[in-house]
Amino acid sequence: MSKELEKGMSVIVKTVTRLTVGLILLYGIYILSHGHLSPGGGFAGGVIIALSFVHLMLAYGKETALKKLPKQATSFFESMGALMFLSIALLGFMGGHFFLNFISKGKPFNLFSAGIIPLCNIAISLKVGAGLFAIFIALVLLKFDSEKKR
Amino acid sequence: MIELYILLMFMIVGAIVAVEVEDLLSCVIAVGAVGLALSMAFLVLKAPDLAITQLVVEVLCLIILIQATLKKDLPFSTTGRWALNTLITVGFIIVFLLSAMKCFKDLPEFGYPIMKLAEEYTRSGLTQTGATNMVSSIILDYRAYDTLGEATILFTAVIGVLAIVRRIGRKRPGETIKEEDE
Amino acid sequence: MNIYLLCLVLFCIGLYCVLRKRNIIKIIVGLIIAEYAVNLFFVLVGYRMEGRAPIFSPDATIANMVDELPQALVLTSIVIGLATTALLVAIAMRIYQKYGTFDITKIKELKG
């Protein structure tokens with residue numbers, strides 16, 4: 001099972017994955033960026049982005065997926081998401097209180113409206129997506145360890 | 001409201017199947033069915049944000065569970081004292097349900113909530129935040145501390161998983177550390 | 001009131017599975033079912049008959065929206081539930097690696 005997982009699945013699965021992985025990533029970015037206009041938001045968008053990388057890994061094996069998004073990049077993105085969220089909160093501090101909504105509100109139903117909410121959505125999605133992908137990579141590597149010892 | 005009752009009955013039947021079946025893979029698939037019915041129930045209850053999030057989170061949860069249970073199953077066997085344990089558990093559940101039925105008289109009737117704070121948020125949400133999705137404006141503007149706490153919880157969970165998975169042990173003399181996991 | 005009772009029956013099924021089963025994966029499945037039931041209960045409390053989803057549209061009236069405060073809390077709770085499940089599965093896989101079984105009655109060595 002470990003050899004098969006390293007080389008990936010059959011040809012049909014690989015061809016379909018090559019067609020749909022980019023679309024899944026684009027769908028995740030769409031749900032994330034329209035989070036203040038229609039249902040969705042940072043959490044759902046981040047999980048969909050993580051699912052696109054997990055899909056790539058299940059179909060092609062872990063070598064290809066780790067080449068697309070190496071481990072150092074994953075940990076960098078997660079820390080960057082958390083720091084971005086905190087710095088947006090602290091910038092509001094200068095205007096009055098913590099988490100003040102200080103960018104101009106704009107007209108409703110535009111894409112660039114609602115103050116800091118789109119920026120917070122991007123920070124949350126980076127953190128959630130990279131974190132869940134790191135959890136999945138760690139669990140898959142542990143499985144290999146337990147089978148190799150036998 | 002009949003579709004809500006049908007979805008709840010489906011969830012209860014799926015949960016009973018997941019609890020009683022012996023094969024681990026079938027058990028995990030039954031939990032997947034329960035999660036899918038829950039996502040449809042969120043749609044019927046007019047909560048589209050929650051339906052999207054529940055669907056994708058449940059898919060990821062299934063993938064993680066199947067990774068853990070592949071080809072590892074347990075032959076079914078029970079030791080003694082199972083009659084006393086089952087009796088105590090069922091007795092406790094009956095007491096819990098009876099006391100819950102007494103507490104339900106204090107809750108508002110189903111379909112007519114009190115909504116004292118939500119009226120405030122709905123009335124001034126669009127002008128004060130500028131976002132048209134009310135749930136987003138609550139979790140990222142009115143109650144942003146909770147989102148900060150949730151980001152911290154996710155960070156702690158990732159650190160916890162990486163700490164468990166890492167190969168532990170001191171370096172014995174003469175052994176080199178190969179780069180095998182995190 | 002009937003629908004609240006059905007939701008609590010789902011919670012009790014998950015609770016029974018945590019208390020009575022010997023396989024670690026079954027215990028994790030019971031916790032997942034109990035968590036689904038609690039999330040559903042929160043959203044059920046905040047439902048209004050003939051309500052609308054809490055999203056404005058250009059021709060909207062404010063009146064008659066579903067209560068959106070429980071929905072915001074449950075959104076956070078769903079993602080936290082996933083993190084908890086992933087941690088439990090990591091612990092379960094570690095236990096299998098060390099003891100060779102998922103049976104909780106055979107894990108008796110509480111060493112440091």
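**Entry 1: a loop in chain C.** I started with C:Glu50, which sits in the loop joining H2 and H3 of chain C. This is a predicted model, so I am reading local features with that in mind. I looked up the backbone next: phi of C:Glu50 is near 50°, a positive value in a residue other than glycine. Is C:Glu50 buried or exposed? I counted 8 C-beta neighbours inside 10 Å, and exposed means 12 or fewer, so C:Glu50 counts as exposed.

**Entry 2: a loop in chain B.** I then went to B:Lys46, placed in the loop between helix H2 (24-44) and helix H3 (48-69) of chain B. B:Lys46 is not glycine, yet its phi is positive, near 60°. Here I found 23 C-beta neighbours inside 10 Å; the cut-off for buried is 20 or more, so B:Lys46 counts as buried.

**Entry 3: domains of chain B.** While in chain B, I checked the domain assignment: domain 1 covers 1-72, and domain 2 covers 113-172 + 178-182. Taken over C-alpha atoms, the centres of these two domains of chain B are 23 Å apart.

**Entry 4: where C meets B.** How many residues does each chain bring to the contact? I noted 72 from chain B and 67 from chain C. On the chain C side, helix H1 (2-20), helix H2 (24-45) and helix H3 (69-99) each supply at least two residues. Which helix gives the largest share? My note says H3(C), with 21 residues. Last, I sorted the side of chain C that touches chain B by class: 50 residues are nonpolar, nine polar and eight charged.

Key. Residues are numbered from 1 along each chain as its sequence is written. Chains are lettered from A and ligands numbered from 1 in the order in which they are written. This is a predicted model: local features need pLDDT of at least 70, side-chain atom pairs count only at pLDDT 80 or more; totals for chains, interfaces and linings use all residues. Two residues are in contact if their C-beta atoms, placed from the backbone, lie within 7 Å. Helices (H or I, at least four residues) and strands (E, at least two) are DSSP runs, numbered from the N terminus. Ala, Val, Leu, Ile, Met, Phe, Trp, Tyr, Cys and Pro count as nonpolar, Asp, Glu, Lys and Arg as charged, and the others, Gly among them, as polar. Domain bounds come from an automatic or database domain assignment.
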